[in-house]
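Hi everyone, thanks for making room for me today. Let me put the structure up, and then we can walk through it together.

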Amino acid sequence: MEAERRGLNVPNDLSVMGFDDLEWSRHLRPSLTTMHVPTDEVWTRAGEYLVRSLSGRAAALHHDVDVSLVVRESTSRPRPAESRKAD
């Protein structure tokens, strides 16, 4: 919204991306492209790590989580360098 207040067109002049795919992201205009991260899983694993570490038990230092890119209206392909120079 701030980019548009400054006269920029999202996504033609500027692509904008969020993080965590919050519910309101899809309701913005333009709707916000974002990374979906399973935060419940991340926080659960962090809690398990903390409990195990504090109790002196071995705790895994690394866990893979599935993230995904949710493409919406706030991003576009980069323009060729020639067309950017004209701006």
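Before anything else, please keep in mind that this is a predicted model. I'd like to begin with the strands. Three bridges connect β1 with strand β2, residues 33-36, and the two run parallel. If you want one pair to look for, find M17: its bridge partner in β2 is T33.

Now let's add the remaining strand. The three strands make an open sheet, ordered β1-β2-β3, with mixed pairing. At the edges sit β1 (17-19) and β3 (68-70), each of which pairs on one side only. From one strand to the next, the twist averages 25°.

Stepping back to the protein chain, we have three helices and three strands. Following the sequence, they come in the pattern α-β-β-α-β-α.

So what about the overall dimensions? The radius of gyration of the protein chain is 19 Å, whereas a compact globule of 87 residues would be near 12 Å. Along the principal axes, the C-alpha atoms fill a box of roughly 60 × 30 × 20 Å. As for burial, 18% of the 87 residues in the protein chain are buried.

One last stop, on the surface. Which residues make the nonpolar patch there? They are Y49, L50, L54 and L61, and the patch covers about 490 Å². Y49 belongs to helix α2, residues 39-54. Is Y49 buried or exposed? It falls in between: Y49 is partly exposed, because its relative accessible area is 38%, and the partly exposed class lies between 20% and 50%.

That's my tour, and I'm happy to go back to any view you like.

Technical notes. Residues are numbered from 1 along each chain as its sequence is written. This is a predicted model: local features need pLDDT of at least 70, side-chain atom pairs count only at pLDDT 80 or more; totals for chains, interfaces and linings use all residues. Side-chain values use heavy atoms; hydrogens and water are left out. Two strands pair if DSSP finds at least two bridges between them. Helices (H or I, at least four residues) and strands (E, at least two) are DSSP runs, numbered from the N terminus. Axes are lines fitted to C-alpha atoms, for helices over the stretch in contact, and angles run from 0 to 180 degrees between N-to-C directions. Patches are made of residues with over 30% relative accessible area and no salt bridge: like charges are joined within 9 Å, nonpolar side chains (Val, Leu, Ile, Met, Phe, Trp, Tyr) within 5 Å. Accessible areas come from the Shrake-Rupley method with a 1.4 Å probe; for residues, only the protein chains shown count as cover. A salt bridge is a side-chain nitrogen of Lys or Arg within 4 Å of a carboxyl oxygen of Asp or Glu. Buried means under 20% relative accessible area, exposed over 50%, partly exposed in between (1.4 Å probe, protein chains only). The radius of gyration is taken over C-alpha atoms; the globule rule is 2.2 Å times the number of residues to the power 0.38.
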